[in-house]
Amino acid sequence: MSLKFNRGIPALFSALCAMLVPLALSAADYSWMRPGENVEADRIYLKIHSQYAPLEVKVFGGLVHTGNSALDAVADAFGVYRIEKTFMMEATPADPKVPDLSRYYTAFFPEAYGPVRLIEAYEACPEVEFAEWITIDRVDYIPNDARFRGQWHLSHCGFPGAWDISAGSPSVVIGIVDSGIDMPFDDMGDWAIHEDLEPNLWVNPGEDIDHNGIMTLDDWDGQDNDRNGYADDFFGWDLTGRDNWPHDEWARRGGLAHGTHVAGIASAATDNEIGVSGAGFNCRLMIAACYDYRSDGYIDNGYNGIEYCGRNRADIINCSWGSNSAPNRTQMAVVNYARSQGSIIFAAMGNDTIYDHRGLQLHHYPACYDGVIAVAACDSRDDKVLFSNWGDYVDLVAPGEAILSTFTNNDYRSFPGTSMASPLAAGLGALMLSSMRLNEVQLLDRMQRTAIDISARNQQYVGIRYRINAEELLNSSQPRFELLEWEIDEWNGNHDGRADPLEHIFFNITLRNRSFFTNANNVRISLSNPDSTLIIGNQIRLLGNINTQQSVAMFGQERLSFYVQWFSKPHYTTFTIRITADGGFEQTFEKSMTIGHPHYLLVDDDDGSTFESYYKQDLDQRPVVHDMWSMQDNGDLTAEYLQGYTAVIWAAGNARNPLTVSEQAVISAYLNGGGYLLLTGQFIGDDLGNTDFHRDVLRARHLTDNTNGSQLFGEPGGPCEGMRLLLVGGAGAGNGRISPSAMEPLNGARPLLNYDNGSGVGGIIYTGQYGLVYLGFALEGVSGMGGTTPRTVFIERLLDLFYQLTAPDEPAAELLSSSVHLSPAYPNPFNGLTEFRVELPYAADYRLEVVDAAGHQTTLLHIGGATAGMHQYFWNASAQPAGIYFIRLSHPAGTRLQKVVLVK
């Protein structure tokens, strides 16, 4: 009987996820893998040995069958539902120099298992030459436009990250109401549109007679086919010249080419290997040419251009122009008309260095009209540029200094101005509308909420606050989750708040979809960890729909879980929580925790200083698995708590009056119980040198408060022989030379370190009833400069002396995996009693148990050591209900599983 993973048996599926583990441990390091992020979570590559290729793959009951027992066993255990050839090569090539791609296959399986388990399982099969992951090759969206790296403003505002989420939609149209764009006719009557604008030009579908999305001479019939009042307005309209060709007249005369430059900022064709990148990426440009014949510096018919773009339902309209004037009712009507048609208008705030506040009679219009999004300009430091207006009417701030964009004759140039800031914000608005439909109020609200607040840098400039942030804005078009609760529940443990060996741990998780983001549909949460000492249980759970501001807590057996194998030693591990939802949404969290109870404790007792960071840095290098206790944050230690650790590093730093009476009592009790202590601090001897605690427990007589010593050397014949410590330096704290004390060893202690200036002993060691290293100086001050001994080396030498940091080597994983054998149960299926055997080629520890389909132990058959040879076991299941069970053999190299079926 086989489980049918495609037939909807979620309980059995989850249980199997909880129990299945690799058939053999690999020496490979898979810690870099993040399934679903950098490697595929539900498929791997296989290369089949030539004598077994090609595979004859069939599917029975949703699982693949090849006729090869090992391959089929893996498929049955892990729910492999498809194996197919990876490449098109049919047979092994005759030329041996040609790589043989015919023997590569791709295996597909439920992503809950993850690739690591399948890789290890398949590599144990004799038919498989090797198995390996499949990478997810992502585009990072740094576009390939030749001049992108000259566009500082795009990276500064997070556009590459935004383009990862959306590359803009051709259905979103930006109306450029300006001087037109560079699109001249030559002497032969042919036109030449700017190379970086033509691909993104809007093509009026009502005038595209043949509906091929391209304007051709066949479309040019002189008729107003879409009845919008403009005949053959393919790309827009020349409101000044009153024709259908919105060429930049200023550009034709060798002038400013203002409209060409503005259009490129908003949405030049992006990722086309030429020119520049535009904020809107793939959004289309509708051109309303409103140049003034008299001068390059003036716009004529600008509000007609707004009307044209509104009439043709441009989603965004950009106006990089304006005037300081009183409000005009006609202009207001045009603005309101365009808004009524669904257009969202962006406008430049002006370059007159004016504080435009509500008390003035004149304002810069159209930026200051109600409903228009007004954009001021900043520089690369997020300071307001000198020329930009500011004040009550500013809605957004965008870069407006040295902005590189399109120019006449397929050229590119940089210009400053709020004229450049406005189309950048407008292009971002269009990019956002490509991901979700918003009205003008909603769009501005999101753009401001996700902006970088630069007001602190611009306190003298009212309104200079919301600098656009493209990446954060586009992220707001998706859900955004936060973990409100992340705690462990020891289902069968000692409830000490740790995940210890043989414990089954559930995660209490409360998840919230943050406000202001979007609803999430069909949410899934999964748990992964490449740690071979852990067995991930409930790997994936369906959470349904989670609306914005809604929280979801996971309860009972539905929680994500893991099991700590019995041979696990104290170590750090990191879990990855992956959340997915409809629409390709994915978000991951990483949560680190300590497995087991560490042997080491770092006590931070420096009165709130940060010297403990030096010790954490040292311990993390090896790493030495440890806990930390802050006396300031956590309060006093108890003797009972301290007794749980083999070795303690107690750092008093520069604390005056260190080691209170209660702390002295705790240390005394810990040492009298056989503990190991490394004690260091500047003023311990100065303040406690005449006490019984200093003489009897620390076993030293204080001699000198301050020796002025800067170096110490290891006592000849002692554990630090050959070491030389330098106090204070580039890698040490600045308190090393403060009060380095001298002492005399007492009561069996002996010198460990001596000052090189002849002032005496700077540290002692005692290894009798307990282990003690007591230093009369601040160890954090040791620098390791100038060829002297680094602090890390000194600490590790002492910890190795107290307690072996490196655990004894385990038997080779390859030997164990190939020789420890769990025989098939017989009979199977069975009614009442079945028999199986464990074969060991040498004495070893193992655990043998029977678990049900939910992963719960029903019978423990053996735990502990056993001699070499054959060991026979019987399982009497007469008291158990009929169903599927698993015999699980766990040993240091991995786990064996046998499925048995109880029938009644």
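**Strand pairs, loops and overall shape**

Colleague: In which sense do strand β44 (residues 844–852) and strand β45 (residues 857–866) pair, and over how many bridges?
Modeller: Strands are DSSP runs of E with at least two residues, and helices are runs of H or I with at least four, both numbered from the N terminus. Two strands pair if DSSP finds at least two bridges between them. For β44 and β45, the sense is antiparallel and the count of bridges is eight.

Colleague: Good to know! At which pLDDT do side-chain atom pairs count?
Modeller: Residues are numbered from 1 along each chain as its sequence is written, and side-chain values use heavy atoms, leaving out hydrogens and water. This is a predicted model, where totals for chains, interfaces and linings use all residues, local features need pLDDT of at least 70, and side-chain atom pairs count only at pLDDT 80 or more.

Colleague: Back to the hairpin, then. Which residue in its turn has a positive phi?
Modeller: β44 and β45 form the hairpin, with four residues between them. Across the pair, A844 has A866 as its bridge partner in β45. In the turn, a positive phi of about 85 degrees belongs to G855.

Colleague: L848 sits in that region too. Which residue of β47 does L848 stand opposite?
Modeller: β44 is also joined to strand β47 (residues 883–891), by six bridges, and these two run antiparallel. In β45, L848 stands opposite H862. In β47, L848 stands opposite L889.

Colleague: How many of the nine residues of β44 are buried?
Modeller: A residue is buried under 20% relative accessible area, exposed over 50% and partly exposed in between, with a 1.4 Å probe and protein chains only. By that scale β44 is mostly covered, and its count of buried residues is eight.

Colleague: Let's try a helix. Which residues does A430 contact, leaving aside its neighbours within four places in sequence?
Modeller: A430 lies in helix α10 (residues 418–433) and is buried, with a relative accessible area of 0%. Its C-alpha is 15 Å from that of P160, a residue 270 positions away in sequence. Taking contact as heavy atoms within 4.5 Å, the partners of A430 beyond those neighbours are V172, I174, C283 and I316.

Colleague: And P751: how far apart are the C-alpha atoms of P751 and G714?
Modeller: P751 is found in strand β39 (residues 750–755) and is partly exposed, at 25% relative accessible area. Beyond four places in sequence, P751 touches E715, P745, V761, G763 and I765. P751 and G714 are 37 residues apart along the chain, and their C-alpha atoms are separated by 8.6 Å.

Colleague: Which residue does a cis peptide bond join to N828?
Modeller: Most peptide bonds are trans. The loop between β42 (821–822) and β43 (833–840) holds P827, and Y826 is joined to P827 by a cis bond with omega of about -5 degrees. P829 is also in the loop between β42 and β43. With omega near 5 degrees, the cis bond from N828 leads to P829.

Colleague: What is the phi of A402, which is not a glycine?
Modeller: Most residues other than glycine have a negative phi. R313, in the loop between α8 (302–311) and β10 (316–319), has a positive phi of about 60 degrees and is exposed, with 52% relative accessible area. A402 lies in the loop between β17 (396–399) and β18 (403–407) and counts as partly exposed at 39%. The phi of A402 is positive, about 50 degrees.

Colleague: Zooming out, why is the protein chain said to be more spread out than a compact globule?
Modeller: The chain comes to 20 helices and 48 strands. The globule rule is 2.2 Å times the number of residues to the power 0.38, and the radius of gyration is taken over C-alpha atoms. The chain is called more spread out because the rule gives 29 Å for 904 residues, whereas its radius of gyration is well over that, at 37 Å.

Colleague: Last one: what share of the contacts with a separation of 6 or more comes from residues 24 or more positions apart?
Modeller: The C-alpha trace spans about 100 × 80 × 55 Å along its principal axes. Buried residues make up 55% of the 904 residues. Among contacts with a separation of 6 or more, the share from residues 24 or more positions apart is 70%.
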